[in-house]
Amino acid sequence: WDEILAFWIDDPNVSYEETYNRRNLTDQSSFLYHLILKNFYHLAGYNPELGRLVPFFFGIISIPLLAILSYQIKSDKSFALTILLVSVNVYLILYSQENRHYTFIFFLSIINLIYFYKMFFLKKFNYKQGHIYILFIFFSVLGLSEHPFILIILFSQVLYSIYYMLIFKKKNYLFFLSVVLILAIYLLLNYKFLTQNLISKEYHFVSQLEWNFLYDFFFSRFFGSLIMGLIYLCTLLFLIFNFRKKIFLTPNKYLLLVFIIIFSYLIPFVYGLYFVPILFDRYIIFILIPILILLAILLFEINNIKLRNIILIFMIAATFFNGYLEIRNKENTKPEFKNILNFIKDDDTKKIAFIVNEGIDDTSLYVVENYVTSLPIFKENNLEIFKINNFPDSLNRIWLICYEPFTSYNCEMPSHDKWIVKANIKKHLINARLIEIIN
């Protein structure tokens with residue numbers, strides 16, 4: 001539903017004001033990604049299948065960027081392992097295929113960290129390097145405007161800077177000045193959005209965390225299964241514990257990554273205690289950045305080559321085996337409109353109508369109809385769509401489409417003494433019945 005809704009919001013055939021109003025009416029996400037998609041559809045064509053190229057692009061470009069960040073943190077061969085781990089991560093692959101903004105958030109978070117490290121570890125500032133501060137401020141504001149949870153990264157950077165200043169006597173006043181500018185610009189641009197969404201105590205779909213969250217901290221979702229989640233989580237905890245003195249007591253670039261992991265869980269959890277629950281795996285998708293980099297870098301810190309190779313081979317083998325199982329046993333979770341239409345196009349009857357419950361408003365129905373009528377298979381085969389309560393007298397056969405979320409997952413056909421069912425097709429979340437109307 002989120003993708004179908006976003007496709008309607010990003011319609012390039014309506015004004016920017018209308019797109020903004022649609023987003024305010026139906027969606028809590030930032031306007032920035034909608035703006036990107038709207039302009040992409042304007043250039044490439046208004047087609048939901050083309051829209052998936054945008055998150056795919058951000059997912060692909062994030063791979064070399066994460067390698068750059070990894071090499072920036074530790075200049076050794078571990079960056080190659082980082083590339084491997086991010087390339088086969090099932091969670092990132094999933095969101096690279098879904099037309100939502102999460103790979104864009106991941107992409108912006110990587111760039112934010114690249115420029116932070118560039119800025120923080122400058123030996124001496126001069127005006128020729130001023131572009132680093134400007135780009136850090138720019139991408140920080142951009143990231144925060146897209147997803148308020150990136151405040152967690154900024155908070156971790158502030159804490160890391162204070163820690164470095166107190167323990168290692170390294171001061172960076174320009175960074176603290178940049179934080180003030182980032183927050184001022186961000187609040188100026190997004191004050192209304194924050195007051196309407198983040199501070200609101202109105203209904204939110206995220207529920208309170210279950211006790212079993214403490215077993216894996218979303219790692220089972222991040223890495224594809226409970227077993228894989230435990231393998232990655234236990235490996236990460238072992239590595240952090242093993243190198244705790246190096247991380248916390250020597251000047252290094254690792255500590256910031258540890259802070260991001262800790263506060264990605266802690267801040268949303270505390271917020272949820274006082275306002276509404278907001279800790280959800282995809283909201284903190286950027287946590288995969290420190291997790292994957294720390295796993296790669298700290299594995300290469302192990303001096304015992306035999307132990308290092310055992311952990312490395314076991315983790316990589318388990319990852320590839322899990323990826324094989326994911327591909328083999330993958331279940332479709334999206335409504336199969338395209339498969340239904342692919343069947344209908346070969347039938348003589350090319351007319352369809354949607355069955356909906358009384359509680360479904362006209363806007364929601366129009367959102368789904370807009371998605372279906374924009375599919376190439378609908379346009380290329382001259383399919384037509386009608387309202388179920390407004391059939392023309394000449395109509396004698398029609399396909400009734402049941403989109404299960406619109407009927408409380410009950411696709412019983414409305415009773416009518418002049419309708420005779422001639423065929424029935426079922427796909428995931430979609431049912432279609434060919435109806436003959438006796439006039």
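1. Let's start with the largest pocket of this predicted model. Helices α1 (2-9), α7 (90-96), α13 (219-222), α18 and α19 (337-344) each supply at least two residues of its lining. The biggest share comes from α18, with six residues. The pocket holds about 1,400 Å³ of space. Its lining has 41 residues, and those closest to the centre are Leu94, Gln97, Lys330, Thr333 and Lys334. Sorted by class, the lining of this pocket has 19 nonpolar, eight polar and 14 charged residues.

2. Keep an eye on Lys334, since it comes up again here. The side chain of lysine 334 forms a salt bridge with that of glutamate 98, at 3.0 Å from N to O. This pair links distant parts of the chain, 236 residues apart: lysine 334 sits in the loop between α18 and α19, and glutamate 98 in the loop between α7 and α8 (102-120). Lysine 334 is partly exposed at 28% relative accessibility, whereas glutamate 98 is buried at 13%. Both belong to a network of salt bridges that also includes Glu3 and Arg52.

3. Now for the other salt bridges. In general, side chains of opposite charge can pair when their charged atoms come close. The count for this model comes to 16 salt bridges. One of them joins aspartate 281 and arginine 221, at 2.6 Å from N to O. Aspartate 281 is in the loop between α16 and α17 and arginine 221 is in helix α13, so the pair ties together parts 60 residues apart in sequence. Aspartate 281 is buried, at 5% relative accessibility, while arginine 221 is partly exposed, at 41%.

4. Another salt bridge stays within one helix: glutamate 18 meets arginine 22 at 3.1 Å, N to O. The two are four residues apart in helix α2 (residues 16-26), so about one helical turn separates them. Which of the pair is buried, glutamate 18 or arginine 22? Arginine 22 is buried, at 8% relative accessibility, and glutamate 18 is partly exposed, at 31%.

5. Next, the enclosed spaces. The whole structure has five cavities of 30 Å³ or more, and the largest contains about 70 Å³ of space. Among the residues lining this largest cavity are Leu85, Phe222, Met228, Tyr232 and Asn322. Helices α14 (226-242) and α18 each supply at least two residues of this lining. By class, the lining has seven nonpolar, three polar and no charged residues.

6. Finally, look at the surface. Ile262, Leu266, Phe269, Val270, Leu273, Tyr274 and Phe275 make a nonpolar patch of about 680 Å². Phenylalanine 275 lies in the loop between α16 (255-274) and α17 (288-301), and is partly exposed at 39% relative accessibility.

Key: Residues are numbered from 1 along each chain as its sequence is written. This is a predicted model: local features need pLDDT of at least 70, side-chain atom pairs count only at pLDDT 80 or more; totals for chains, interfaces and linings use all residues. Side-chain values use heavy atoms; hydrogens and water are left out. On a 1 Å grid over the protein atoms alone, a cavity is a set of points where a 1.4 Å probe fits but cannot get out, and a pocket is an open set with protein on both sides within 12 Å along at least five of seven lines; lining residues have an atom within 4 Å of a point. Grid points are joined across faces, edges and corners, and a volume is the space filled by probe spheres set on the points. Ala, Val, Leu, Ile, Met, Phe, Trp, Tyr, Cys and Pro count as nonpolar, Asp, Glu, Lys and Arg as charged, and the others, Gly among them, as polar. Patches are made of residues with over 30% relative accessible area and no salt bridge: like charges are joined within 9 Å, nonpolar side chains (Val, Leu, Ile, Met, Phe, Trp, Tyr) within 5 Å. Accessible areas come from the Shrake-Rupley method with a 1.4 Å probe; for residues, only the protein chains shown count as cover. A salt bridge is a side-chain nitrogen of Lys or Arg within 4 Å of a carboxyl oxygen of Asp or Glu. Buried means under 20% relative accessible area, exposed over 50%, partly exposed in between (1.4 Å probe, protein chains only).
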